[in-house]
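Let's take a walk through one protein model and its ligand. Have the structure open as you read.

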Amino acid sequence: MSDSAAASTERAPAATLEVKDSRTGKAYTLPVMEAGVEGDQSIGGMDLRQVKVSEGDFGLMSYDPAFMNTASCKSAITFIDGDKGILRYRGYPIEQLAENATFLEVAWLLRHGELPTQTEYDEWSHQITYHTYVHENIRKFLEGFRYDAHPMSMLCSSVAALSSFYPRAKNIFDEDERNISISRLLAKMPTLAAFCYRHIKGLPFIYPDNDLSYTENFLSMVARMSEPKYEANPVFTRALEILFILHADHEQNCSANAVRAVGSSHVDPFSAVTAGIAALYGPLHGGANEQVLRMITEIGDTKNIPAFIEGVKSGKGSRLMGFGHRVYKSFDPRAQIVKKLADDVFRQVGMDKDLEIALELERIALSDDYFRERKLYPNVDFYTGLIYRSMAFPTDFFTVLFAVARTAGWLAQWEEMLLDKEQKIARPRQIYIGKGERPYQSRLTERFPQSRKDAVSK
Ligand code: ACO
């Protein structure tokens, strides 16, 4: 464990919580734990189980749909203060990493807790470059998808399929196996993503070019045509690098939670990451940047914005996509970096009507009481879609770009979960609200449909 992880381990109980059960009149003293550099305080969910009305009683549970106030783990990877708009990876502010680091440096940092030395970085970059190729059968597998398949479905299935190519990846408690699986996943994700893109476009697959950097190689596999060597636009390369860094991790979000939950069954990391991709696909998570573009297209013109906003506020229309966040309630620090990045990219490719609509939408929403009262601000996805589109990525490919970057965070979260002695298989409780016991009484008059009986008798 790194020093930063060690700094966040638990301290002795900070205080106690006195609880009196009005059902029995009994009083309980629950330890309040303090942990982490920010001194987060919590009570242990299992401590509630001693609160019972009778000996045979199961004990008190806490009810927290959507984990609104439940910490499912201790983590030393990413710190967010949603009220202050702070995001740090392993203690480093996201703004500094976005400005100065490379994506592979950040991927190393997320996993190991410290920035890599030059030797570590060279070896790491070499490993990732060396593993970019995928088995030819994966290519054939991708060719089986329809021309209009959503690239997230393709990516999700192909990462799941990769698991079958590396049966030794199941040895998750062998550090060497974990190392190689992590390198393979990070290395192959851009290749798979680019292959998905080329398949939809009906273009030949472009194999990795090991002379290029991570992001340049990805752009090459996406965009190269007949030229012998692809030369990426440096503004696009840097923009993609920054967007990858911004999306690399975001502590216990829906997809990281999915990776941890599925990984807690001790399945191989390819399968656990597949769960993350599936979670990210949803429009309330990684699918939001795609939805932002669709929303802007639907609005069509700045003159239609007031009516659209009224629809959002009345609840009759859709939500304002790219606005609001479960955690950030002042601003999303990533959105601020992305807005600046958008300026750089748009200076290259020029302003268009959609960008004008986005700017006006943001201006109106930020000055409207409905959004202000609910602390709804642009999130990272509000501008990323516009940047990706300026770089000529199709709309349904945006979430794939997110998935490539988030793989770094998923893997760091997965490994942290695996090595955490306090973790067990994720298995929440439920509050059963269904029927009580009742005797079975069939409502069928025939056990097999008549059509099937006719077929059998023929
Ligand atoms: N547009 C309009 N109203 C909204 C929006 C929105 N984008 N987001 C929240 N609200 C309103 C809700 O209707 C609710 O209003 P009410 O109190 O009058 O009922 C209030 O704000 C609180 O909303 P919740 O749904 O309770 O907030 P929650 O924290 O659960 O949701 C979420 C967060 C899912 C991100 C939400 O803000 C949303 O749907 N945003 C649009 C989708 C989006 O941009 N997602 C990307 C998130 S960032 C990421 O995943 C990388």
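Below come the ground rules, the ligand site and a pocket.

## Ground rules

This is a predicted model, where local features need pLDDT of at least 70, side-chain atom pairs count only at pLDDT 80 or more, and totals for chains, interfaces and linings use all residues. Residues are numbered from 1 along each chain as its sequence is written, and side-chain values use heavy atoms, with hydrogens and water left out.

## Around the ligand

The ligand has 20 residues around it (a heavy atom within 4 Å). The closest are Arg-319, Leu-320, Gly-322, Arg-326 and Asn-379. By class, this shell holds ten nonpolar, five polar and five charged residues (Ala, Val, Leu, Ile, Met, Phe, Trp, Tyr, Cys and Pro count as nonpolar, Asp, Glu, Lys and Arg as charged, and the others, Gly among them, as polar).

Which side chains put a polar atom by a ligand oxygen atom? Arg-326 does so at 2.9 Å, Arg-374 at 3.0 Å and His-285 at 3.2 Å. On its own the ligand has 920 Å² of accessible area, and the protein covers 73% of that (Shrake-Rupley method, 1.4 Å probe).

## The second largest pocket

Residues from α2 (94–100), α9 (234–246) and α14 (333–349) each supply two or more of the lining residues here (helices are DSSP runs of H or I, at least four residues, numbered from the N terminus). The biggest giver is α9, with five residues. The lining includes Glu-95, Arg-238 and Lys-340, and its classes come to seven nonpolar, no polar and five charged.

Notes. 1 Å grid on protein atoms, 1.4 Å probe; cavity = no way out; pocket = protein on both sides within 12 Å on 5 of 7 lines; lining within 4 Å. Polar contact = N/O pair within 3.5 Å; in protein donor to acceptor, adjacent residues only side chain to side chain.
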